[in-house]
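Thanks for coming. I will go through one model this morning, starting with the overall fold and then moving to the helix packing.

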Amino acid sequence: MKSSDKVRRHTLLCALIGAAVTLGAPRALAVTGGSQTDMGKVSTAGVKPLGPLGPLTALVIERLLVSDQVAASKFGTARPIDDPAREQQVLDEVRLQAGPLGLDPDATVSFFRDQITASKVVQKGLFTRWTAHPDEAPTTRPDLTKIRTQLDQITAELLQELKATRNLCNSALSCNLQLALATQSGIAVKGLDKLHRQALRGATDSVCVTSTGDQHV
């Protein structure tokens with residue numbers, strides 16, 4: 001198959017997956033664990049993104065949603081969104097942990113750098129929204145120290161999920177299809193808005209980038 005044909009096939013399959021998840025997610029979720037509310041809507045409590053990359057995607061989304069709390073803790077204070085010292089600390093720690101887990105250190109750092117960048121996309125977007133619409137701004141300020149403890153736990157879980165899925169995909173095409181399934185169903189499950197969907201795209205950008213030719217991260 002020609003390279004251009006593979007690209008077109010990949011694009012078409014991803015589009016079909018996205019459409020299927022968007023249109024069929026509520027009904028599927030009701031079958032797989034969602035519950036009907038009194039108004040006939042489906043509760044997605046406890047439901048995860050679909051496919052083998054679903055657990056990894058769920059953690060990525062969880063981290064993005066925690067970014068809302070980070071933004072709330074900083075908004076209206078002198079704390080900047082960018083925190084180079086904290087960011088480097090996170091990257092240094094995951095680099096140290098990558099090797100013993102059988103992960104490529106450079107690829108793992110790249111993945112977590114994407115998580116940090118995506119978090120800042122959310123924070124900057126919320127700052128802009130809250131500045132333009134003060135009535136939507138948070139009225140309480142979460143404890144940033146506690147939030148960072150939560151983020152550290154998510155980092156540990158992400159590392160374990162990267163380890164669990166490192167041999168999952170035999171090709172970039174397969175990985176991208178599984179990722180499309182996971183992200184589109186995750187968007188449906190969590191009802192992510194435009195800002196968080198944009199951040200999710202950036203956060204998962206390097207999931208299927210290979211360093212060995214046939215494995216992701």
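**Fold, core and helix contacts**

Of the 217 residues in this protein, 39% count as buried, where buried means under 20% relative accessible area with a 1.4 Å probe and protein chains only, exposed means over 50%, and partly exposed is in between. This is a predicted model, in which local features need pLDDT of at least 70 and side-chain atom pairs count only at pLDDT 80 or more, while totals for chains, interfaces and linings use all residues. Residues are numbered from 1 along each chain as its sequence is written, and side-chain values use heavy atoms, with hydrogens and water left out.

There are seven helices and two strands; these are DSSP runs numbered from the N terminus, helices being H or I of at least four residues and strands E of at least two. In sequence order the pattern is α-β-β-α-α-α-α-α-α. Among contacts with a separation of 6 or more, 80% are between residues 24 or more positions apart, contact meaning heavy atoms within 4.5 Å.

Next, the core. Which residues have the most contacts inside the largest nonpolar core? They are Leu56, Phe111, Phe112, Trp130, Leu158, Leu200 and Val207, in a core of 46 residues. At least two residues of this core come from each of H2, helix H3 (84-98), H4, helix H5 (144-165), helix H6 (172-190) and helix H7 (194-203). A nonpolar core here is a set of buried Ala, Val, Leu, Ile, Met, Phe, Trp, Tyr and Cys residues joined through side-chain atoms within 4.5 Å. As background, nonpolar side chains in soluble globular proteins tend to be buried together.

Now the helix pairs, beginning with H2 and H4. Helix H2 covers residues 54-74 and helix H4 residues 105-132, and their axes come within 9 Å and cross at roughly 45°. The axes are lines fitted to C-alpha atoms, for helices over the stretch in contact, and the angles run from 0 to 180 degrees between N-to-C directions. H2 and H4 are therefore oblique to each other; on this scale, angles under 35 degrees are roughly parallel, over 145 roughly antiparallel, 65 to 115 roughly perpendicular, and the rest oblique. The crossing of H2 and H4 is right-handed, a term used if the near helix is turned clockwise from the far one by less than a right angle, with left-handed for anticlockwise.

On the H2 side, the residues that meet H4 are Leu56, Val60, Arg63, Leu64, Ser67, Asp68, Val70, Ala71, Ala72 and Lys74. Their partners in H4 are Phe111, Gln115, Ile116, Ala118, Ser119, Val122, Gln123, Leu126, Phe127 and Trp130. This H2-H4 contact divides into 13 nonpolar, four polar and three charged residues. Ala, Val, Leu, Ile, Met, Phe, Trp, Tyr, Cys and Pro count as nonpolar, Asp, Glu, Lys and Arg as charged, and the others, Gly among them, as polar.

One residue of H2 to look at is Ala71. Ala71 counts as buried because its relative accessibility is 0%. Leaving out residues up to four places away in sequence, Ala71 touches Gln123, Leu126, Phe127 and Trp130. Its C-alpha is 9.2 Å from that of Ser119, and the two residues are 48 apart in sequence.

H2 also meets H7. The axes of H2 and H7 come within 10 Å and cross at roughly 130°. That angle makes H2 oblique to H7, and the crossing is right-handed. Val60, Ile61, Leu64, Leu65 and Asp68 of H2 make the contact with His196, Ala199, Leu200 and Ala203 of H7. By class, that is seven nonpolar, one polar and one charged. Leu200 touches Val60, Ile61 and Leu64, and also Thr183, Ile187 and Leu192, again not counting residues up to four places away in sequence.

The last pair is H3 and H5, which pack at an angle of about 30° with their axes 11 Å apart. H3 is therefore roughly parallel to H5. The H3-H5 crossing is right-handed. Here Arg86, Val94 and Gln97 of H3 meet Arg148, Leu151, Asp152, Thr155 and Leu159 of H5. The classes are three nonpolar, two polar and three charged.

Also in H5 is Leu162, buried because its relative accessibility is 1%. The C-alpha atoms of Leu162 and Leu103 are 7.7 Å apart, with their positions 59 residues apart along the chain.
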